[in-house]
Amino acid sequence: MKSRMTVVPVKQLSAALALLLVTLTAPAAHATNSGPELQGVLRDLLAWWPGEYDTQPQVQLERSLGAPPDGEHDRQYREFTRVDVPHLGQNVIYGEVRSGGPDGALIKGQQVMYIITIDSVRQVVNVTGRRIKGGPEFERVYRDPEKLRRVELDPAYGGNCDFRFRRYGPVLRGVLANSGGDNRACTMVSRNSGQTMTWDADWMIGPDELWVFDNGYLLDPARPTQPGRLFSGREDMTHERLYRIRRFSCRSEAPGPAAGTARAAGSAAPVLGDRVSDRGGEFVVSLPTQPGLRARLQRAPLPTGSPAVLEDALSLELLAADGARVLAATREPGTARSIAVDFQQTRLRCELPR
Amino acid sequence: MRTAKMKAVVAALGVLVATHASAAETTASCDRELGAKVFELCSTCHSLKPGDAAREGPNLRGVLGRAAASSDAQYRYSPVLQASGWTWDEATLDRFLANPRRALPGTTMTFIGLKLANERQAVICHLRGAR
């Protein structure tokens, strides 16, 4: 018993020394684009990317503080969902783009499966975006596992361009390149028209933001060394800044009647808006004396007292029926999980589901 | 009195001649070559060939004079275009082509637009030619 007691610690010590030796001689766990770092990029990409995003805060800010040279950015909504499609890959995210906001129309050709792999030779995380066959029929396909099993990639589009993702400080950044090449831009021939197009794209993904720059140029055969004429994107080379949407449940906590209905003590407060987007989502608030009021929930980089400082804030505003006059407003830090505003005898509260 | 009438007739004729001259000038400035060249920017998404199916956008053959969102029954037009009440005449096309997303927020056409008026006119002329 005694001898065994002495043997075990020696074995443990040897193991610890061996581990120390391995640790000291191995490359640092987060060396630039090392295997462990790329694993970390993949992990963060899968954690951060899925979700709903809206450019609404950017549009609003540009409207109030000034637009870039090319004019105000467009209102755009993007939705990304990790999907289980083993026939396409192990790590796959499905994405859709809508014009004008969450309820806008689906942009044709923007229903894409993003297949994610680690490329240890180039030391990047590769994201290959491929259009799906059938387009609109597969709108929000992630909701239907049976349909997901039937999803096919459209062979007529893409397959020769990859986003190469690496970590850049606090964000992950992917630049588009020709598959198998190292050019910064991606060149492809349109199967529709036979024309050569070049895409210059640069995406940045953080925990709450997705910045998208995506310019398309049409090559002029008379000037093959020039990038061509811009036909899609922005001349001022600025990014669409898409902000993550959180969905709040909004209720009236009026001690008296609100939303047109009296509430018995102890009963659940009436829900005025379910799944309200914190990126400019609105809902109707009808008070007995003032029907048809509106409330707006807004998380955005909002101006503070100093013109040079914007802070991530969440605001809840009660608006007159015309939508122009603010009757009451309150502000909380952007990450707040609930927010309430009082008006007359009514308290409006919006909170994230627990 | 007679002189006054004569003057009015001459003035009216003058207006008529000026209008006619202006129309002739528009036709003369219809630069089909430039129109075909600029339309190459559109042709990755739109065909003008008879019978060609929609690409990202609908076939634009015969679009001039038609109600917006009406030329291809199979094509899924954006709700904002369907609700626009537009007819594709020179004025609406010129406005839309200058900056589609500014002219019709919510449109699903991702084309950046044509800043130069002569290019827009040339494309409209090219579209008019494809009937």
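Among contacts in chain A between residues at least 6 apart in sequence, what percentage join residues at least 24 apart? The share is 45%. These legends walk you through some close-up views of a predicted model.

**View 1. Chain A as a whole is built with four helices and 21 strands.** Start here to get your bearings. Chain A has 354 residues, and 29% of them count as buried. As the opening question brought out, 45% of the contacts between residues at least 6 apart in chain A link residues at least 24 apart in sequence.

**View 2. The largest nonpolar core brings together 37 residues.** Look for A:Leu45, A:Val125 and A:Phe165, the residues with the most contacts inside this core. Strand S5 of chain A, residues 112-119, gives the most to the core, with four residues. A second, separate core has 25 residues, and A:Leu218, B:Leu41, B:Cys42 and B:Val63 are included in it. In soluble globular proteins, nonpolar side chains tend to be buried together.

**View 3. A:Val125 and its contacts take the centre of this close-up.** Neighbours within four places in sequence are left aside here. The remaining contacts of A:Val125 are A:Leu38, A:Val41, A:Leu42, A:Leu45, A:Ile116, A:Ile118 and A:Phe165. Two of these names, A:Leu45 and A:Phe165, will be familiar from the largest core.

**View 4. A:Gln123 sits in the loop between S5 and strand S6 (124-131) of chain A.** Its backbone is worth a look: phi of A:Gln123 is near 60 degrees, a positive value in a residue other than glycine. Is A:Gln123 buried or partly exposed? A:Gln123 is partly exposed, because 15 other C-beta atoms lie within 10 Å.

**View 5. A:Met237 is found in the loop between strand S12 (229-232) and strand S13 (240-244) of chain A.** Here too, a residue other than glycine has a positive phi, with the value for A:Met237 near 60 degrees. A:Met237 has 14 C-beta neighbours inside 10 Å, so this residue counts as partly exposed.

**View 6. Chain B meets chain A through 18 residues of chain B and 22 residues of chain A.** On the side of chain B that touches chain A, there are five nonpolar, seven polar and six charged residues.

**View 7. B:Arg101 belongs to helix H5 of chain B, residues 100-103.** Why does B:Arg101 count as buried? B:Arg101 counts as buried because it has 23 C-beta neighbours inside 10 Å. Apart from neighbours within four places in sequence, B:Arg101 is in contact with A:Asp74 and B:Thr107. You can also pick out B:Lys115, which is 14 residues from B:Arg101 in sequence and 13 Å from it in space, C-alpha to C-alpha.

**View 8. Helix H4 (residues 90-98) and helix H6 (residues 117-129) of chain B cross at roughly 125 degrees.** Their axes come within 10 Å. H4(B) and H6(B) are therefore oblique to each other, and H4(B) passes H6(B) in a right-handed crossing. On the H4(B) side, the contact is made by B:Glu90, B:Leu93, B:Asp94, B:Leu97 and B:Ala98. H6(B) brings B:Arg120, B:Val123 and B:Ile124 to the contact. Sorted by class, the residues of this helix contact are five nonpolar, no polar and three charged.

Notes: Residues are numbered from 1 along each chain as its sequence is written. Chains are lettered from A and ligands numbered from 1 in the order in which they are written. This is a predicted model: local features need pLDDT of at least 70, side-chain atom pairs count only at pLDDT 80 or more; totals for chains, interfaces and linings use all residues. Axes are lines fitted to C-alpha atoms, for helices over the stretch in contact, and angles run from 0 to 180 degrees between N-to-C directions. Helices (H or I, at least four residues) and strands (E, at least two) are DSSP runs, numbered from the N terminus. Angles under 35 degrees count as roughly parallel, over 145 as roughly antiparallel, 65 to 115 as roughly perpendicular and the rest as oblique. A crossing is left-handed if the near helix is turned anticlockwise from the far one by less than a right angle, and right-handed if clockwise. Two residues are in contact if their C-beta atoms, placed from the backbone, lie within 7 Å. Ala, Val, Leu, Ile, Met, Phe, Trp, Tyr, Cys and Pro count as nonpolar, Asp, Glu, Lys and Arg as charged, and the others, Gly among them, as polar. A nonpolar core is a set of buried Ala, Val, Leu, Ile, Met, Phe, Trp, Tyr and Cys residues joined through C-beta atoms within 7 Å. A residue is buried if 20 or more other C-beta atoms lie within 10 Å of its own, exposed if 12 or fewer, and partly exposed in between; C-beta atoms are placed from the backbone.
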